Amino acid sequence: MYAIKNLPQVMRLEKNQEFLGYTSYSITKPGDNLGSSIFGIKVRVKNLETKKEEFVDAVVKTPAQDELIRYIFNSEVTFRNEIEFYRNIMPMLTRFQQENNMDSSEYYVKYLGARLNLKNNEDVDTNAVLLMENLALGGYKMKNRKVGFNLGEAKVIVKNMADFHATTLSYKMKNPENFNSKIKPFLDGTIFECRDGIKGILYEKNKNLALEIVGNNDKDLFERVKHIIEEDFLPDGELFSTICHYDFWVNNIMVNKSECKFLDFQICRYLSLINDLIFFLLTSVENDVVVENFDDLIQLYYDVFINILKKFQCDTSQFSFEVFEQELSFCSKREFLHSISMLFIIFADVKLPMDLNAPIEPSKNHLEKFHVILTIYQKKGWL
Ligand SMILES: Nc1ncnc2c1ncn2[C@@H]1O[C@H](COP(=O)(O)OP(=O)(O)O)[C@@H](O)[C@H]1O
Ligand SMILES: [Mg+2]
């Protein structure tokens, strides 16, 4: 049984529902997530009109109980940012769509309440909670992270991702002051890398593993991989920068036939939206599918992206496909290390408590995915 203090004060119920009590249940398996605690609750309510008892389901997200994990995941910043996304940013973007006579996006999860602590100040503590609808009850599923999405699912996700990015970018272009004051301050959700010591350990581990896998037989390839990892990134340009989710991978996306829902807005950054597209394709799509359809999925993203910008009456002349491809090439530098580092989370079955110093023994699946990424980079001329 998971306990939530003062649940009735935080959970949004309908006006005619009176809180009676709740029970809790597990919804994740070890390895599904690291940065927070997630569980389901079934809330018993009395319907004041019918006088009957009813049940309302919700998913509860709280910062991890483990202090090291909270530190690594920068929870005092990232948990606040996610709450802010659900509480204010998501409704703002939805209103923007409505004002422009567009349908509200279906890829958001319904928000059911949140708090940072029990003290009514701005600190995030272990009483912080975020409540959402339970997607599993609506038929949404999480795919096996070691396999990823099939072509049909990848298309649905790419289209919705393009819609999300184009909407937020249009918002930035049409309402720059609001974007800067109400959205941008919550796009600083760095994890790992804001903690120098930890960043150093993980960087060395991932770099050494990558170079070990590439091996010394092909000296040119070895040097190219070393270079792309060691190269300093230049800051992303303004043109494509908006809300970059920065964690669009299998476990943060649930699918149901031709629909998908995006989860986990903790580490959003003000970065080029292209980072999300590359990271998703490299880490979260079945190997054969991504190798064969990489360019088509990018084209699909681009077409939807431009179409949505047009619907918001934004000037699309600056977003030619040529400029878009240059941006892909630019962002591919950052996303190489980002994606190969993610393979450690996807394939290594990280257990808590996390041992950052344990050597990484890449599994067959891990090696295969690494080679998929390498193949794509070579084909695209990004190395
Ligand atoms: N609203 C939801 N409905 C159903 N399952 C969910 C929901 N939110 C999260 N989950 C499950 O919990 C996992 C972890 O949630 P997430 O928000 O990604 O936390 P973390 O920040 O720890 O990764 C997800 O991968 C998904 O399986
Ligand atoms: Mg997650």
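Is Lys51 buried or exposed? In this predicted model, Lys51 counts as exposed, because 7 C-beta neighbours lie inside 10 Å and the limit for exposure is 12 or fewer. Lys51 sits in the loop between strand 2 and strand 3. Its phi is positive, at about 65 degrees, although Lys51 is not a glycine.

Asn74 also has a positive phi, near 55 degrees, and is likewise a residue other than glycine. Asn74 occupies the loop between helix 2 (67-72) and helix 3 (75-99). The surroundings of Asn74 contain 21 other C-beta atoms within 10 Å, so Asn74 is buried. The threshold for that class is 20 or more.

The two strands that flank Lys51 also contribute to the ligand site. Strand 2 (36-47) and strand 3 (53-63) each supply at least two residues of the shell around ligand 1. The shell holds 21 residues. Asn33, Ser36, Leu135, Asn251 and Asp264 come nearest to the ligand. By class, nine shell residues are nonpolar, eight are polar and four are charged.

The largest nonpolar core comprises 87 residues. Within this core, Ala58, Leu131 and Met161 touch the most other members. Helix 4 provides the largest share of the core, with nine residues. Contacts of Ala58 were examined without its neighbours within four places in sequence. On that basis, Ala58 is in contact with Met11, Ile41, Val43, Leu112, Leu131, Met132, Glu133 and Asn134. Leu131 thus appears both among the core residues that touch the most other members and among the contacts of Ala58.

Helix 9 covers residues 287-311. Its 25 residues should span 36 Å at 1.5 Å a residue, and the end C-alpha atoms are 34 Å apart, so the two values agree. Helix 9 nevertheless bends by about 70 degrees at Asn293. Seven residues of the helix are buried: Val290, Leu297, Ile298, Tyr301, Phe305, Ile308 and Leu309. The cover over these buried residues includes helix 4 (151-174) and helix 8 (274-284). Helix 10 (321-347) and helix 11 (364-380) also take part in that cover. After helix 9 comes Gln313, with a positive phi near 55 degrees.

Two loop residues fall in the intermediate burial class. Asn175 is found in the loop between helix 4 and helix 5 (176-183). With 15 other C-beta atoms within 10 Å, Asn175 is partly exposed. Asn175 and Lys42 are separated by 133 residues in sequence. In space, their C-alpha atoms are 40 Å apart.

Pro362 belongs to the loop between helix 10 and helix 11. Pro362 is partly exposed, because 18 other C-beta atoms lie within 10 Å, short of the 20 that burial requires. Pro362 and Ile213 are 149 residues apart in sequence, yet 9.1 Å apart in space, C-alpha to C-alpha. Pro362 touches Ile213, as well as Leu209 and Leu367, when residues up to four places away in sequence are not counted.

Methods: Residues numbered from 1 in each chain as written. Chains lettered and ligands numbered in written order. Predicted model: local features only at pLDDT ≥ 70, side-chain atom pairs only at ≥ 80, totals over all residues. Helix = DSSP H or I, 4+ residues; strand = E, 2+ residues; numbered from the N terminus. Expected span 1.5 Å × (residues − 1). Bend = angle between axes of the 7 residues up to and from the residue. Contact = placed C-beta atoms within 7 Å. Near = placed C-beta within 6 Å. Nonpolar A, V, L, I, M, F, W, Y, C, P; charged D, E, K, R; others polar. Core = buried A, V, L, I, M, F, W, Y, C linked by C-beta atoms within 7 Å.
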